Number of protein chains: 10
Amino acid sequence: MIRSELTEKILSAKLKKGISWPKLAEKIGRSPVWTTAALMGQMPLSADEAKNAGAALDLTEDEVTMLQIVPTRGSLGTAVPVDPTIYRFYELIQVYGTAWKELIHEEFGDGIMSAIDFAMTMERLPDPKGDRVKIVMHGKFLPYRKY
Amino acid sequence: MIRSELTEKILSAKLKKGISWPKLAEKIGRSPVWTTAALMGQMPLSADEAKNAGAALDLTEDEVTMLQIVPTRGSLGTAVPVDPTIYRFYELIQVYGTAWKELIHEEFGDGIMSAIDFAMTMERLPDPKGDRVKIVMHGKFLPYRKY
Amino acid sequence: MIRSELTEKILSAKLKKGISWPKLAEKIGRSPVWTTAALMGQMPLSADEAKNAGAALDLTEDEVTMLQIVPTRGSLGTAVPVDPTIYRFYELIQVYGTAWKELIHEEFGDGIMSAIDFAMTMERLPDPKGDRVKIVMHGKFLPYRKY
Amino acid sequence: MIRSELTEKILSAKLKKGISWPKLAEKIGRSPVWTTAALMGQMPLSADEAKNAGAALDLTEDEVTMLQIVPTRGSLGTAVPVDPTIYRFYELIQVYGTAWKELIHEEFGDGIMSAIDFAMTMERLPDPKGDRVKIVMHGKFLPYRKY
Amino acid sequence: MIRSELTEKILSAKLKKGISWPKLAEKIGRSPVWTTAALMGQMPLSADEAKNAGAALDLTEDEVTMLQIVPTRGSLGTAVPVDPTIYRFYELIQVYGTAWKELIHEEFGDGIMSAIDFAMTMERLPDPKGDRVKIVMHGKFLPYRKY
Amino acid sequence: MIRSELTEKILSAKLKKGISWPKLAEKIGRSPVWTTAALMGQMPLSADEAKNAGAALDLTEDEVTMLQIVPTRGSLGTAVPVDPTIYRFYELIQVYGTAWKELIHEEFGDGIMSAIDFAMTMERLPDPKGDRVKIVMHGKFLPYRKY
Amino acid sequence: MIRSELTEKILSAKLKKGISWPKLAEKIGRSPVWTTAALMGQMPLSADEAKNAGAALDLTEDEVTMLQIVPTRGSLGTAVPVDPTIYRFYELIQVYGTAWKELIHEEFGDGIMSAIDFAMTMERLPDPKGDRVKIVMHGKFLPYRKY
Amino acid sequence: MIRSELTEKILSAKLKKGISWPKLAEKIGRSPVWTTAALMGQMPLSADEAKNAGAALDLTEDEVTMLQIVPTRGSLGTAVPVDPTIYRFYELIQVYGTAWKELIHEEFGDGIMSAIDFAMTMERLPDPKGDRVKIVMHGKFLPYRKY
Amino acid sequence: MIRSELTEKILSAKLKKGISWPKLAEKIGRSPVWTTAALMGQMPLSADEAKNAGAALDLTEDEVTMLQIVPTRGSLGTAVPVDPTIYRFYELIQVYGTAWKELIHEEFGDGIMSAIDFAMTMERLPDPKGDRVKIVMHGKFLPYRKY
Amino acid sequence: MIRSELTEKILSAKLKKGISWPKLAEKIGRSPVWTTAALMGQMPLSADEAKNAGAALDLTEDEVTMLQIVPTRGSLGTAVPVDPTIYRFYELIQVYGTAWKELIHEEFGDGIMSAIDFAMTMERLPDPKGDRVKIVMHGKFLPYRKY
């Protein structure tokens, strides 16, 4: 069994048991976004977290072990994402990429927003003209080292 | 003159005048992120906004007109961004793309977060372990129409 | 079983039972284009629609469940479609893409035609010089939000 | 001068004169979609049409001649379009491509919808929930020749 | 079984039975080029043609049915063909592509040679300096519709 | 001046002088297809041929010299041609490529049709249902050398 | 069984039997380079050669037959080879490609070195500073046909 | 002036002066292949060699200096070469790549043929059936270091 | 069994036995970096090394043999690595590539740092502001041969 | 003037003045690797550093200003580097990428070596069998944040 097959199995088990991502996150003791990314094969779980995930989803011991390995990350499949829901985020980079760079450099100096020391939440923002998806992310600013 | 040359000129003028993006945003009457994206050639300005931008940056009348045309969007240059500051955002999609899809569908049903009816802010989040870049974005949820 | 295998099975079952797409659409209660796209793995069915599709095509319960999951969309396989019937639509974008952009912006202002809040029909247009394929599509205009 | 420079000049002239695409179409005696595509460098004009376009846009004689040459078509610049307004049409092919193929083959047999013997209109469809972009296209069905 | 597996089986059966493409074409009642393309998975056969092909190659009933489905066309596997025999045809397009375009437009006006309403033969041209492959192709000229 | 600029100039001169490709071919003493390809920058002319071409098109001495250099061939610009008139030839390879390979190998054995020791004609084939483009090509069969 | 699986089997059998490529070449009656390329799936063997190869490597009758089919050539897997041993040859083309073209054209005129009517040897060149790989290749010069 | 412009100039000067590559090589004191590659912008010349090249081709002092800079190598322009004369070498890698790897490893062990400590000649091999291009290359075998 | 499956098995066995890479390196008698690369399928082991690896990881005799074959190298899967840990090394080339080239040429003259006659270590560099990954690599300088 | 033109000018000035990278680094007060990368357009200089660089290389005031702007990084030009000196580093990632990932995760846990908080040196390692290029790099380990 390879990791992507385990992801398939997790999605099936989750569907049959009718358990939501936030609920799974609660059982594991992490936030919903992190938990979802982890179970989709992008983050490793600790031994305890994996055991809890395994209990919630009826996974075998081998599968619980597999959840603890640092995964080979990357979930798009192609350089440019094809699924419309995911593509919109790529489009944001196409439209806002240079603006983000300008603003980060002006405010913080030369460097990047870390995608490693990073956290985010996603929530529903009620709006009479149609509810909105609200995403809050924050990553540590890492200045380029001069030497 | 083509749009990318105008962008070059705007960056030079901004540098020489020592005016910041938030300051420019204030003169134009829009938020800093939107203003930066617009002047980087990704959003059209209204006649008034363009006039104000032109006054702040000593642009010619032709250039002020050019700012009002709906641009051909896309600022990366390559399918995968090469600049490290911009790449980190692409990496987020590689790592979190499938998780975002799962969470949006579970919370909202089938559909997408709009990248058109969309707004965002970027700010500094003070942190004793190193300040953080905080980004808040919200886009209207658009459900797939069934017919 | 993964979704593309289910698509294969649906095409076989449809062929053996000699049931047309419009007929299937009728049983499901949706339009022919939407129904075809959905059964080709691009749209999720509701529980009722899936049950009806399953009855018409002798699907198992698991397969009926699978039809209800929001799919990972994208049916081309390659960036540029290779099949001639599908390629002609890509060619239309190559030839008309910039014209569509100009006309949408002139008529509606800055924004896009939604591909989410979108519907279409396809029909035969009798013509003595050779019948024609007629496609009518309409998508909500989404103006770019200024902020 | 190469064709893309002429396109730039046409867009500038049109902007300065404040003349719309439908108005230009009327002067040329063709439909708005075809006229826009032609002036964007995708269709050749006849001598008369070119003369009328030249008069409306103050083009030189050489430019009027250039409008009559069969162009090297293709307006995207990249295999996958980057501009959001144009990308949505590409997304439609990703989502609906295989469905269109199925429906055309079921209704007409083996063959394609011509992108050459083809015509289209684009119009505003008023809608209380937000106006819609309506596109009607029809292309001759071309059956594969058996030999 | 998928179509490419059927192609494999057809090639094996043909080899074992020692039957040539022209012979198969005769049994099916079509020309050799068309027949070869069809059995390689690029053209659908009629019910009668498929039955004859099945008889000549000992195919099962399901396989005979499969031969009648309109296939998803495209036989290269990559954008640029790698096999030298096939690559030479690609090279012809690289070298002659713009010349063909010029000559077709000068002789016929704006339009294309159809690859759908199209037929071809391939034969041996005896030559004392080494026999030659002779290919004759003709496709209907399709003029661009003006509207 | 680089070769592609000379091609531009040749096309302009040809247009202004109203001289056709076959007429140019006659002046040069070569067939129309070869002449067109050569003047489009894909074949070198001999000193005499170049002088005749220069006389017919009012080229400078330097330009006449440039016509005699073996060019860096390749006229598509992209791996997959975007112009519809040229794309149809690419489509033929996608659909017929494997069939051509089968037929050449069955008739001639292992080897290729040369694209170097190669010649072709293109002509109009009158047809009451619409005239057809007829292309006849023949290239020397080159058997793979065994050693 | 497909051809690449047969290649795997040949490599295993060769390893287990401890038989070298030159030894295999001797049994088949061809040169080592040609033999290696053939058994790696790039050249077809004659009936006799295949029988001898089969005897040396314990192949089944079906496998012996498969060795006689003209293969679909191309052994890199990607456009640019990734394995360092193979990449160095690609690098030679990057560095020397234009020089080879210049020298061939100056010495022979317009044309190519055939990769079909071609043969080569590879041998060890003893050298006190470290032995060298020596490759001698010769291909027929094919002049471009003028017509 | 950038290096590729200097290459253009060298080719023009060489053409006008009617001096061959071997002749230039003699003046510089290097072999013809190396000299051609160097003047095509792939190898740096020593001060003396550059002076001699400059004298032979009427180069300016700045140009003579430029010839001495280690160039950014790579002469293809695209990943897969498009020019037929150069493509044939790429085809050889496609067909023989894995065979070369096998033979090098069997004869020398794990390692590569160096493309740096490398030399080659190209000459005409007279042959009654048509002269042949003969290429002899030898590169130092570099064993992988184990550590 | 193919090499990548053996890599999977090695990773599983290593995990279950709780044996570290440096420990495995010690049993094999090579450095940790080389050993890890070798067991990940990038370097061949000698017979003795393979036997020791097999004993440590409970491999079968066939698997021990497979470890001794020179592998087809290349571990990224895509041209640009997607996994963030590996991507950072690619980013270093994007940012420092031209600087490395300048410095190597200035210090050593024209040539390269060998990636074949090459060795490296990776270790933890304690640092109160956060430990650092320290990599030391050295490769033989190979001067371009002039001939 | 754009940044890459400034890089050209810096390289010319450096050549004419015969000043080495380490010497320039000394004048600027940074290490040679960092200085080279900065002047090649990959790192911004402080006002003082830029003034010193300008003095050493006779740059204008505008150019001194340009050196202080955070650049758009990325120096390869293509996804896979073509120049052999730079390619060898890419090859190291192809061969060692997965090993580095394994070793970093085993020693440090889940995370990356930063390419931002990063420093390196490059020096000559004398060796009787041929001097070696020695590179020492160290980047801060950044653990993935769990949240």
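**Reading the chains of a predicted model**

Modeller: Chain A has six helices and two strands. The model is predicted.

Colleague: What pattern does chain A follow along the sequence?

Modeller: Reading along the sequence of chain A gives α-α-α-α-α-α-β-β.

Colleague: Which domains does the assignment give for chain A, and where do they lie in the sequence?

Modeller: The assignment for chain A gives domain 1, residues 3-66, and domain 2, residues 84-143. Between the C-alpha centres of domain 1 and domain 2 of chain A there are 26 Å. Along the principal axes, the C-alpha atoms of chain A fill a box of roughly 50 × 50 × 30 Å.

Colleague: How many of the residues of chain A count as buried?

Modeller: A residue is called buried when 20 or more other C-beta atoms lie within 10 Å of its own. Chain A has 147 residues, and 48% of them count as buried. Contacts can also be sorted by separation in sequence. Among the contacts in chain A between residues at least 6 apart, 49% join residues at least 24 apart.

Colleague: Now a single helix. Is helix 3 of chain E largely enclosed or largely open?

Modeller: Start with the general idea. An α-helix has 3.6 residues a turn, so residues three or four places apart point the same way. Now the case here. Helix 3 of chain E covers residues 32-39, and eight of the eight are buried, so the helix is largely enclosed by the rest of the structure. The buried residues include E:Pro32, E:Trp34 and E:Leu39.

Colleague: What covers the buried residues of helix 3 of chain E?

Modeller: The cover includes four elements of chain E: helix 1 (3-17), helix 2 (21-28), helix 4 (47-57) and strand 1 (111-125). Helix 6 (84-108) of chain F is also part of the cover.

Colleague: Which residue follows helix 3 of chain E?

Modeller: E:Gly41 follows helix 3 of chain E, and its phi is positive, near 95°.

Colleague: How is chain E laid on chain G?

Modeller: A turn of 72° with a shift of 0.0 Å along the axis lays chain E on chain G, with an RMSD of 0.0 Å. The two copies are therefore related as by a five-fold rotation axis.

Colleague: Which residue of chain E comes closest to the rotation axis?

Modeller: E:Thr78 does, with its C-alpha at 8.2 Å from the axis.

Colleague: How many residues of chain E are in contact with chain G?

Modeller: Four residues of chain E are in contact with six residues of chain G. On the chain E side, three are nonpolar, one is charged and none is polar.

Key. Residues are numbered from 1 along each chain as its sequence is written. Chains are lettered from A and ligands numbered from 1 in the order in which they are written. This is a predicted model: local features need pLDDT of at least 70, side-chain atom pairs count only at pLDDT 80 or more; totals for chains, interfaces and linings use all residues. Copies are superposed by least squares on the C-alpha atoms of residues with pLDDT of at least 70 in both. A residue is buried if 20 or more other C-beta atoms lie within 10 Å of its own, exposed if 12 or fewer, and partly exposed in between; C-beta atoms are placed from the backbone. Two residues are in contact if their C-beta atoms, placed from the backbone, lie within 7 Å. Ala, Val, Leu, Ile, Met, Phe, Trp, Tyr, Cys and Pro count as nonpolar, Asp, Glu, Lys and Arg as charged, and the others, Gly among them, as polar. Domain bounds come from an automatic or database domain assignment.
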